[in-house]
Amino acid sequence: MDVKSIFLKPGKERSVERFHPWIFSGALMKGSEDLENGDLVKVKSADGKFLCIGHYQDLGSIAVRIISFKEVEINQEFWNEKFENALQVREHLNLIHAYNNVFRLIHGEGDGLPGLIVDVYSDTAVVQCHSVGMLKSMEFIKNGIQHAFDNELRAIYNKSSDTISREFEAKDEYVFKMGEPDKIVLEYGHKFSVDWETGQKTGYFIDQRENRKLIAKYASRKKVLNTFCYSGGFSIFALEAGAKLVHSLDSSQKAIDLVENNIRLNGFSNSDKHKSIVADAMDYMKNLEEEYDIIILDPPAFAKHKKSRHKAVQGYKRLNYNAIKQIKSGGIIFTFSCSQVVDKQLFANTVIAAGIESGRSIRILEQLHQPGDHPINAYHPEGEYLKGLVIQVD
Ligand code: SAH
């Protein structure tokens, strides 16, 4: 394959030498004008030394997403190795067995493939491209996934229309399908119906799997409020663990329909222990109708950019304040932030500030984070995004 070369300004090779997977547009020397979005490029230093290979695009501040620091051919073998290696890591994490068939196979930079997400739901892989280069590599990606799974998957679905600029006409479609894929998946033995075609993100929030499992440790005989519940994962784990009562709250009726379906799938539909609530959590939390033992706060990212960080922090503080203020004495709060620009220290400080304002004493029992199938590339600390605390309120 013909790979074009581009050159960095003198000194700009340093971040590549530290294996950071992005090159910003300001680091490029003039001469990239004949490149197209999604082109594979060889990046060289100002004096012509090979540095890396990546996907080029001129749509934002990141000009190149690096997929190899070695001068290799980017052929099917290259891709096969990436997927095999990623699957092996998930096997080591013991995520693929009779009780669990939901996991993230490719987590962008964390798996050496910036711009690519692949989530596996039973016998379907859902691919989400965040760069044009990945979209253009779909054939390699499809074959690489098939190869890693020994052709045992039933479907591969490309869901990139939300994540790729419209001009590239990314369609949501099956790039491979053989029969009807299984839309009921198992997460640590609990059943969840996942619809990648109509659901948020790739259909399910896999990143909270270990934290959902953790709730079981706390939930027996407790009254639980699960806010921002989406498909009700925390609720199902709490009910299975013997919670006295679980209220699941989301502002989206579609999410609540998913919850109801999952409640039914796990055999709780005839129980009066569960109630769904469609409401705005920020409003609802101002004045709770019930004294809960456990409250889960798992909002969507309040800040997507540094510009909105301050406002996001105020939002987290208000939300946590309302939970801390109203929870039963001795109660437990699972509180999360998935805003990448709010780091774990800032998040902890925000929760602590909310505690001080509430006048109640709080203890941090556990510090939570994203699971191993959402790995953080050690040379790309920006990949750390999910953080959480389990706090106890006296
Ligand atoms: N805890 C979930 C994932 C949460 S995703 C899980 O374990 O799967 C965030 C959810 O917050 C989405 O379902 C979204 O519909 C919901 N949401 C966004 N804004 C909201 C608001 N203001 N009030 C209530 N829910 C909201």
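Which residues does Ser160 touch, not counting residues up to four places away in sequence? That was my opening query of this predicted model, and the list reads Val127, Gln128, Cys129, Leu135, Ala170 and Asp172. I found Ser160 in the loop between E9 and strand E10 (173-177). Its relative accessibility is 0%, so I noted Ser160 as buried.

**Entry: helix H4**

I went on to helix H4, which spans residues 138-148. I listed its buried residues as Met138, Ile141, Lys142, Gly144, Ile145, Gln146 and Ala148. I then asked what these buried residues pack against. The partners are helix H2 (76-92), E7, E8, helix H3 (132-136), E9 and E10.

I also checked what comes after H4. Asp150 follows the helix, and its phi is positive, near 50°. Asn151 has a positive phi too, about 60°, although it is not a glycine. I placed Asn151 in the loop between H4 and strand E9 (155-158). Is Asn151 buried or exposed? The relative accessible area of Asn151 is 56%, so I wrote it down as exposed.

**Entry: Ser122**

Another positive phi caught my eye at Ser122, near 55° in a residue other than glycine. Ser122 sits in the loop between strand E7 (116-121) and strand E8 (124-129). With 18% relative accessibility, and the limit for buried being under 20%, Ser122 counts as buried.

I looked up its contacts next, leaving out residues up to four places away in sequence: Ser122 touches Asn101, Leu153, Asp182, Ile184 and Val185. With Asp182 there is also a polar contact between the side chains, at 3.3 Å. Out of curiosity I took the C-alpha distance from Ser122 to Ser15 and got 39 Å, for a pair 107 residues apart in sequence.

**Entry: Leu8**

Back towards the start of the chain, I picked Leu8. I found this residue in the loop between strand E1 (4-7) and helix H1 (14-17). Leu8 has 0% relative accessibility, and therefore counts as buried.

What does Leu8 touch, not counting residues up to four places away in sequence? My list has Glu13, Val16, Ile23, Ala27, Leu28, Met29, Val43, Lys44, Ser45, Ala46 and Leu51. I also noted that the C-alpha atoms of Leu8 and Gly48 are 9.0 Å apart, with their positions 40 residues apart along the chain.

**Entry: helix H6 and the core**

How many of the eight residues of helix H6 (233-240) are buried? I counted seven, and put the helix down as mostly covered. They are Gly233, Phe234, Ser235, Ile236, Phe237, Ala238 and Leu239. After H6 comes Gly242, with a positive phi near 95°.

Ser235 deserved its own look. This serine belongs to H6, and I call Ser235 buried because its relative accessibility is 0%. Beyond residues up to four places away in sequence, Ser235 touches Asn226, Val246, Ser248 and His274.

Next I opened the largest nonpolar core, which has 36 residues. Tyr121, Ile294, Ile296 and Phe334 touch the most other members. Two or more residues each come from helix H5 (209-219), H6, helix H7 (253-265), strand E16 (294-297) and strand E17 (332-337). Which element gives the largest share of this core? H6 does, with five residues. A background note to myself: in soluble globular proteins, nonpolar side chains tend to be buried together.

**Entry: around the ligand**

Last, I turned to the ligand. There are 15 residues around it, and Arg212, Asp250, Ser251, Ala281 and Asp298 come nearest. I sorted the shell by class and got eight nonpolar, three polar and four charged residues.

Then I went through some atom pairs. A polar side-chain atom of Gln200 is 3.2 Å from a ligand oxygen. Phe228 instead brings a backbone N or O atom to 3.1 Å from a ligand nitrogen. For Asp250, a polar side-chain atom lies 2.7 Å from an oxygen of the ligand. How much of the ligand's exposed area does the protein bury? Of the 580 Å² that the ligand exposes when taken alone, the protein buries 89%.

Definitions and conventions: Residues numbered from 1 in each chain as written. Predicted model: local features only at pLDDT ≥ 70, side-chain atom pairs only at ≥ 80, totals over all residues. Heavy atoms only, no water. Buried < 20%, exposed > 50% of the residue type's maximum accessible area, 1.4 Å probe, protein only. Helix = DSSP H or I, 4+ residues; strand = E, 2+ residues; numbered from the N terminus. Near = heavy atom within 4 Å. Polar contact = N/O pair within 3.5 Å; in protein donor to acceptor, adjacent residues only side chain to side chain. Areas by Shrake-Rupley, 256 points an atom, 1.4 Å probe, with all protein chains shown as cover. Nonpolar A, V, L, I, M, F, W, Y, C, P; charged D, E, K, R; others polar. Contact = heavy atoms within 4.5 Å. Core = buried A, V, L, I, M, F, W, Y, C linked by side-chain atoms within 4.5 Å.
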